[in-house]
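Subject: Structure handover

Hello,

Here is the structure we talked about. Please open it and keep it in view while you read the notes below.

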Amino acid sequence: MTDAFGREAWSLLLLGVSGFVAGGINAMAGGGTILTFAVLAAILPPGPGRLVTANVTSKLGLWPGAVGAAWAYRGSRESQPAWARWLILPSGLGAMIGVGLLRILPKESFDAVVPWLILLAAVLFAVQPQLGRLALAVARRSREQARGTASREASDRVNPTRPKAVAAIMPATTAASAPLPAGRLAFVSGLQLLVGIYGGYFGAGIGILMLGTLAMLGLGDVHAVNASKNLLAATVNGVATLVLVAVALVGGFAVSWVHVAILAVTSIIGGIVMAHAAQRLPAAVVRRLIAIIAFGLSGYYFWREWVG
């Protein structure tokens, strides 16, 4: 009995540490679900629905951490345009669809798709710096074009005869305050709907997905983009949590509520701490470590699915 108690205590301690780290990773970039899902899959009792239970328990436990990170980044959202809040709608709708797919698809289908989902998250981590540089280049060109157009228009209204060389140095509005074209907003909303579906179904790596999309909208620096990402992630996880709790209460999903409580406490602490410390921590190093872990986990689940 003593050995069993010791193993249980170490399992809970490991889960708490993974919740703290996952909350921090999600606040800074995304992908912390990989850690908590793997720990839960290892410590939960074996059974045909173990991975589904691990997924649902992880999602419920990490939502408070997402809320804490969104709260900690609230100051960076004050200068963002009103249209950015419209992305909350496709986020919530996608989350509901994703949870529905999790409920409809058989457990065996989920077991088969887990390696691919983790591999996708690993690839997203690996290519995120390249995506970020590409997004920044696109945003910089958009700002330069907007600045040049606004300067010429202002110059033409004040003095139509002023030389274009002088007009080019007139002040311009920032990209973050400019309205977003309807077609571009619709396209980004469609992408966010897909991210919400993925987030409601599994969720590992949705932060990286959203960072890549939001960075191309000219919302501001990386902290402003991260602030929007954390708000949308809290929306996806919040809607998914509400639906999952409702379904779990009627017996639709098996949930380990003790593990949910541990993750809730540790993830919210990790999310708030990391959100405040994000500017000082080497995000690139953490991202590389998580990518290595993710590729390793993906390989393990592929091996277990095809060989084991």
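A residue counts as buried when its relative accessible area is under 20%, as exposed over 50%, and as partly exposed in between. Phe302 has a relative accessible area of 14%, so Phe302 is buried. Keep those cut-offs in mind. One caution before you go on: this is a predicted model.

Overall layout

The protein chain holds 11 helices and zero strands. Read from the N terminus, its elements run α-α-α-α-α-α-α-α-α-α-α. The chain has 308 residues, and 49% of them count as buried.

The aromatic pair

How many aromatic pairs are there? The count comes to one. Trp116 and Phe302 form it, edge-to-face, with 4.9 Å from centre to centre and 90° between the planes. This pair links distant parts of the chain. Trp116 sits in helix H5 (residues 107-158), Phe302 sits in helix H11 (residues 283-306), and the two are 186 residues apart. You have already met Phe302 as a buried residue. Is Trp116 buried or partly exposed? Its relative accessibility is 48%, so Trp116 counts as partly exposed.

Another ring deserves a look. Arg74 lies over the face of Trp71, 4.0 Å from the ring centre.

The core

The largest nonpolar core has 47 residues. Which of them touch the most other members? They are Phe37, Val56, Leu214 and Phe253. Many helices feed this core: H2 (33-43), H3 (50-72), H4 (88-104), H5, H7 (182-201), H8, H9 (222-249) and H10 each supply at least two residues. H9 gives the largest share, eight residues.

Now turn to helix H8 (residues 206-214). This helix is mostly covered, with eight of its nine residues buried. Among the buried ones are Ile206, Met210 and Leu211. Leu214 is also on that list, and you saw Leu214 above as one of the core residues that touch the most other members.

The surface patch

There is a nonpolar patch on the surface, with about 810 Å² of accessible area together. Its members are Trp10, Leu13, Val17, Phe20, Val21, Val265, Ile268, Ile269 and Val273. Helix H1 (2-28) and helix H10 (257-277) each supply at least two of the patch residues. The largest share, five residues, comes from H1. Try Ile268 as an example; Ile268 is found in helix H10. At 31% relative accessibility, Ile268 counts as partly exposed.

Two loop residues

Ala29 lies in the loop between H1 and H2. Is Ala29 buried or exposed? Ala29 counts as buried, because its relative accessibility is 5%. Ala29 and Asn226 are 197 residues apart in sequence, yet their C-alpha atoms are 7.6 Å apart in space.

Leu44 is in the loop between H2 and H3. Its relative accessibility is 8%, so Leu44 counts as buried too. Leu44 and His259 are 215 residues apart along the chain, and 9.6 Å separates their C-alpha atoms.

Start with the aromatic pair of Trp116 and Phe302. Then go on to the core and the patch.

Best wishes

Definitions and conventions: Residues numbered from 1 in each chain as written. Predicted model: local features only at pLDDT ≥ 70, side-chain atom pairs only at ≥ 80, totals over all residues. Heavy atoms only, no water. Phe/Tyr/Trp six-rings, centres within 6.5 Å; stacked < 30°, edge-to-face > 60°. Helix = DSSP H or I, 4+ residues; strand = E, 2+ residues; numbered from the N terminus. Buried < 20%, exposed > 50% of the residue type's maximum accessible area, 1.4 Å probe, protein only. Lys NZ or Arg CZ within 6 Å of the ring centre and 35° of its normal. Patch = residues over 30% accessible without salt bridge, like charges linked within 9 Å, V, L, I, M, F, W, Y side chains within 5 Å. Areas by Shrake-Rupley, 256 points an atom, 1.4 Å probe, with all protein chains shown as cover. Salt bridge = Lys/Arg side-chain N within 4 Å of Asp/Glu carboxyl O. Core = buried A, V, L, I, M, F, W, Y, C linked by side-chain atoms within 4.5 Å.
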